Amino acid sequence: MRNPGFQPPPSDVSNPGLPEAGAAMCHHRGMATLTPEVLWSIPRVGAPHALGDGRLLVPVTTYGDDDSPEVTVWRTDPASGDAHAFASGTVSSLSVSPDWGRVAYLRPVNGHRQVHVQPLDGGEAHRVTDLPRGAVGAKWTPDGQIVAIAVVRADSPTLEETADHDPDGRPVVSVTEDAVYRYWDMWLHDVYHPVLVDPETPSVTDLTPGATRMWVWPNTDDPLGDVDVSPDGSLVAFAADDSDPPHLETSWSIFLIGSDGSGLRRIDETRPGNSRRPRFTADGSGLIYGYREQPDFYADRVQLVRYDLTTGDHSELAPGWDRSPEEWRLDGVGRLLFTAEDRGRRRLFRLSSRDGEVEPLTDGGWVSDPTVAPDGTVYVLAQTLTAPPEVHRVGAPLTDNSHLLERVSSFTEPTMSTISLGRTRELTIAGADSEPVQVWVIDPPDAEPDDICPLVHMIHGGPHGVFGDTWHWRWNGQVVAAAGYRVAHVNFHGSTGWGSDFAASIHGAWGDKPYRDVEAATDHLIGLGLVDEDKMAVTGGSYGGYLTAWITAQTDRYSCAIAHAPVTNLGGMYATDIVYGWERATGGSVWSDRHAVDRWSPSAHAPGYATPTLVTAGARDFRVPDTQALELYGILKAKGVPARLASYPDENHWILARLDSIHWYGEFLSWLERWLGGPDEPSPST
């Protein structure tokens with residue numbers, strides 16, 4: 001079977017395949033508009049996995065007319081463009097065996113995901129686990145076993161006890177004395193144990209039977225990111241929370257255990273805080289892990305640390321570097337590869353020596369999921385504001401600080417070639433206290449660069465996050481621009497990718513500098529003659545929803561607002577799932593300094609609300625409980641301010657299901673049209 005959408009790059013073109021932000025895209029009238037429905041028709045390309053023959057496994061997710069995703073795993077040849085379907089269905093957590101002969105992955109069986117193994121040279125997959133509550137991740141170990149993360153009940157913390165647990169069908173009563181008792185969209189009735197699976201037998205060994213505090217956050221894209229196995233297969237390293245009850249101050253530490261379950265020990269007793277993602281060195285003599293000194297500040301700089309298994313010494317590998325590494329792994333010759341956010345981009349870096357020298361390998365765009373082929377070739381998933389994710393090869397150096405990125409997959413091309421996208425540009429403005437702040441601007445597809453357009457701010461969440469040079473499926477600025485609006489992404493104070501000091505600069509004053517940054521961006525765009533100041537909107541989700549609520553409590557200059565999952569009452573956020581670090585973020589506690597909390601709480605400034613506001617939320621959101629959104633909506637309605645509420649009963653902090661997402665985008669765009677009018681219409685008077 002050949003995928004017609006997979007084509008090799010032209011041999012006579014040296015285009016890096018990753019358009020620079022600001023590159024002029026197609027603006028021909030008559031091409032398709034990027035509507036929410038079209039957005040959901042674009043294939044979603046996942047992380048590549050290198051094979052021994054120079055080919056790649058690439059999972060691609062597509063959606064039909066319902067909410068059900070279909071994952072096809074393609075075996076692709078980057079040189080020829082050939083692509084053949086290897087597996088399909090609801091598969092996840094791909095891992096290639098060390099002998100390149102088999103692939104392990106998860107597939108649901110009777111409602112629980114089980115580990116399956118499929119030969120690469122042909123043949124059907126066969127199941128190798130029957131875990132009572134399934135697994136959340138699986139990957140091969142160097143000696144040909146499979147390490148997985150098994151789900152067990154906290155009140156029955158062995159595989160056998162979990163299997164014997166037989167609920168009578170009544171709703172589970174949640175009783176706890178812990179400070180962390182639910183996460184994201186689930187109550188923490190389950191814990192997660194690393195297990196070793198022998199695919200030949202098959203047999204399963206629970207490495208931590210009886211443990212009740214083994215947490216692996218189940219919604220992560222990389223559930224086995226905190227687990228690794230030594231090259232000889234004798235040791236398993238993992239990160240786990242080792243805090244004392246009631247676990248208010250969570251403390252993630254690195255543990256080692258024998259592959260037979262013996263000799264459990266913690267390696268970082270002198271480094272309490274937040275240690276994650278252990279990775280054995282190629283010779284097995286050390287572990288490399290990431291460490292944050294301030295565990296109650298999730299955007300604190302990640303330090304790369306090497307632990308010597310013989311001496312017990314810990315040494316920082318890049319002590320002078322002020323970015324936060326992610327996804328670190330060894331390349332084929334023992335050098336460390338990793339990604340990191342850097343000024344609105346996510347770049348690939350390499351630690352070239354032990355003297356701490358960091359070598360950038362890519363420049364623009366947003367790269368992730370590096371994988372290394374046997375010949376040393378590095379492949380990544382790469383995307384921009386104008387190009388959804390595709391697999392790219394990291395090629396020859398272009399300059400001292402970037403390499404050629406050659407696109408080697410074209411799964412999205414059949415759809416993207418028919419769509420007209422807007423130009424993007426990067427601005428640097430004088431933000432709060434005259435400090436430089438980055439702004440991405442996306443034009444309507446048919447607009448000229450100097451046309452006056454309605455303005456829509458799209459504010460990122462976090463607050464320690466970023467709107468980067470990346471394709472966003474849930475808050476896609478191109479979809480909004482396609483409706484006739486000029487979109488602004490302001491990377492305000494508090495954003496990540498500019499160092500810890502910039503991220504920490506909003507502690508205790510959430511509504512101060514970020515608000516001034518957004519206002520400065522608005523004034524700058526008006527001053528450039530790019531924005532109709534009578535047609536402006538402010539929108540955002542999570543912290544972006546907070547800042548939307550805060551802005552509309554301070555000014556009525558915007559014609560309308562859209563707040564998704566908004567934080568509106570800082571004191572009420574003690575209902576969130578993780579309260580550790582909340583006092584640092586807000587500047588106080590409700591029992592010791594209520595004034596400091598209310599100073600920056602939008603609900604305490606409700607007299608200022610006058611802007612027509614759409615409020616949206618997921619009813620299963622435990623990160624920002626939907627009562628925060630309902631409070632904002634209730635205040636607006638009670639005051640007589642035009643407001644509309646959209647509540648999604650099956651969604652959490654994010655709107656993820658296809659039909660819900662299309663509905664949400666419809667509400668979003670309809671609200672803008674209602675209050676801003678079309679790009680050529682006068683602004684509504686009410």
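In the predicted model, the buried residues of helix α7 are Tyr 543, Gly 544, Gly 545, Tyr 546, Leu 547, Thr 548, Ala 549, Trp 550, Ile 551, Thr 552 and Ala 553. The helix is thus mostly covered, with 11 of its 12 residues buried. These buried residues pack against β34, α6, β36, β37 (560-564), α9 (594-599) and α10 (627-639). The length of α7 agrees with expectation, because 12 residues at 1.5 Å a residue should span 16 Å and the end C-alpha atoms are 16 Å apart.

Three residues of α7, namely Tyr 546, Leu 547 and Ile 551, are listed with Val 439, Trp 510, Leu 525 and Leu 570 as the residues that touch the most other members of the largest nonpolar core, which has 38 residues. Two or more residues are given to this core by each of β32 (424-430), β33 (436-442), β34 (453-459), β35 (486-491), α6 (513-527), β36 (531-541), α7 (543-554) and α8 (582-586). Helix α6 gives the most, with six residues. Apart from its neighbours within four places in sequence, Ile 551 is in contact with Ile 459, Tyr 515, Val 518, Val 538 and Tyr 558. A second core of 36 residues is separate and includes Leu 421, Val 479, Tyr 665 and Leu 672. In soluble globular proteins, nonpolar side chains tend to be buried together.

Tyr 665 and Leu 672 are also among the buried residues of helix α11. The other buried residues of α11 are Arg 658, Ser 661, Ile 662, Trp 664, Glu 667, Phe 668, Leu 669, Trp 671, Trp 675 and Leu 676. An α-helix has 3.6 residues a turn, so residues three or four places apart point the same way. Helix α11 comprises 19 residues (658-676), which should span 27 Å at 1.5 Å a residue; the end C-alpha atoms are 27 Å apart, in agreement with that value. The residue that follows α11 is Gly 677, with a positive phi near 75 degrees.

The structure holds zero disulfides. A disulfide is a covalent bond between the sulfur atoms of two cysteines. For Cys 453, the closest cysteine sulfur is that of Cys 560, and no bond is possible because the distance of 16 Å is too far. The converse also applies: the closest cysteine sulfur to that of Cys 560 is in Cys 453, 16 Å away and too far for a bond. Cys 453 is buried, with a relative accessible area of 6%. Cys 560 counts as buried as well, at 0% relative accessibility.

A charged side chain was examined next. Arg 323 is found in the loop between β23 (314-316) and β24 (325-330). Its relative accessibility is 7%, so Arg 323 counts as buried. The Arg 323 side chain makes a polar contact of 3.0 Å with the side chain of Asp 322 and another, of 2.8 Å, with the side chain of Asp 342. With neighbours within four places in sequence left aside, Arg 323 is in contact with Arg 301, Val 302, Ala 340, Glu 341, Asp 342, Arg 343, Gly 497, Trp 498 and Gly 499.

Val 372 lies in strand β28 (residues 366-372). Val 372 counts as buried because its relative accessibility is 11%. Not counting residues up to four places away in sequence, Val 372 touches Ala 50, Arg 329, Leu 330, Asp 331, Gly 332, Leu 337, Thr 377 and Val 378. The C-alpha atoms of Val 372 and Gly 494 are separated by 34 Å, with the two residues 122 apart along the chain.

Strand β10 (residues 135-140) is largely enclosed by the rest of the structure, because six of its six residues are buried. Strand β10 pairs with β11 (residues 146-153) in the antiparallel sense over five bridges, and Gly 137 stands opposite Ile 149 in β11. The hairpin formed by β10 and β11 has five residues between the strands, and in this hairpin Gly 144 takes a positive phi near 90 degrees.

Four strands form an open sheet in the order β6-β7-β8-β9, with antiparallel pairing. Its edge strands, β6 (92-96) and β9 (126-127), each pair on one side only. The pairing of β9 with β8 (residues 112-119) is antiparallel and extends over two bridges. The bridge partner of His 116 in β9 is Arg 127.

How values were computed. Residues are numbered from 1 along each chain as its sequence is written. This is a predicted model: local features need pLDDT of at least 70, side-chain atom pairs count only at pLDDT 80 or more; totals for chains, interfaces and linings use all residues. Side-chain values use heavy atoms; hydrogens and water are left out. The expected span of a helix is 1.5 Å times one less than its number of residues. Buried means under 20% relative accessible area, exposed over 50%, partly exposed in between (1.4 Å probe, protein chains only). A polar contact is a pair of N or O atoms within 3.5 Å; within protein, one must be able to donate a hydrogen and the other to accept it, and residues adjacent in sequence count only if both atoms are side-chain atoms. Contact means heavy atoms within 4.5 Å. A nonpolar core is a set of buried Ala, Val, Leu, Ile, Met, Phe, Trp, Tyr and Cys residues joined through side-chain atoms within 4.5 Å. A disulfide is a pair of cysteine sulfur atoms within 2.5 Å. Two strands pair if DSSP finds at least two bridges between them.
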